[in-house]
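Subject: Structure handed over, with notes

Dear colleague,

I am passing a structure on to you, and since it will be new to you, I have added some notes to read alongside it. Please look through the sequence and the model before going on.

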Amino acid sequence: MYLKHYEIDEQHKKILMIINNLSDLFAEKKHQDSDEISKIIKKLADYAIYHFQTEEKYFQDFRYEKAAEHIAVHNQYRLKIDEWQRNYNEKKDDKVFLEISNFLKEWWIWHINNNDREYVPLLKANGLK
Ligand SMILES: [Fe+2]
């Protein structure tokens with residue numbers, strides 16, 4: 001098995017792309033189409049779960065010392081995104097939409113640049129490119 005660090009980078013790019021899709025929809029005033037927004041929020045939630053599983057598998061394989069701490073951050077996000085999904089699906093209004101979209105941008109940019117950066121030396125030490 002030849003593992004590659006860029007697998008995670010690609011996943012991060014995809015997540016940021018989905019978040020940008022959400023912002024674009026809003027900017028184009030297509031957010032009135034609440035079903036479309038719900039679909040993208042769900043797509044993002046599902047993809048994030050898949051992405052966390054990828055990271056957490058590496059943590060386990062390489063016995064990451066900060067695994068528990070990092071997984072706790074993922075779990076907080078899992079709860080939060082469920083809450084946002086329910087909230088949006090119930091209310092479907094612009095205010096909720098903006099809160100979600102701002103939260104997503106801030107959360108992912110912070111997480112990628114801080115939490116995720118910390119495990120890069122471990123992946124490299126284990127031969128990931
Ligand atoms: Fe992470």
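What follows is a short account of what was found.

Please keep in mind that this is a predicted model. The protein chain has five helices and zero strands, so that, as the definition of these elements has it, the pattern read along the sequence is α-α-α-α-α. Its C-alpha atoms fill a box of roughly 50 × 25 × 25 Å along the principal axes, and of the 129 residues 15% count as buried. Among contacts between residues at least 6 apart in sequence, 77% join residues at least 24 apart.

Helix H4 covers residues 94-113, and because a helix should rise 1.5 Å a residue, its 20 residues are expected to span 28 Å, which agrees with the 28 Å between its end C-alpha atoms. The buried residues of H4 are Phe97, Ile100, Ser101 and Leu104; seen down the helix axis, they fall within an arc of 95 degrees, and therefore line one face of H4. These buried residues pack against helix H1 (6-27), helix H2 (34-61) and helix H3 (67-91), whereas Lys95, Asn102, Glu106, Trp110 and Asn113, on the other side of H4, are exposed.

The largest nonpolar core is made up of nine residues, among them Phe97, Ile100 and Leu104, together with Ile81 and Trp84. H2, H3 and H4 each give two or more residues to this core, with the largest share, four residues, coming from H2. Leaving aside neighbours within four places in sequence, Ile81 is in contact with Ala45 and Ala48.

With best wishes

Technical notes: Residues numbered from 1 in each chain as written. Predicted model: local features only at pLDDT ≥ 70, side-chain atom pairs only at ≥ 80, totals over all residues. Expected span 1.5 Å × (residues − 1). Buried ≥ 20, exposed ≤ 12 C-beta atoms within 10 Å, placed from the backbone. Arc of directions from axis to C-beta. Contact = placed C-beta atoms within 7 Å. Core = buried A, V, L, I, M, F, W, Y, C linked by C-beta atoms within 7 Å.
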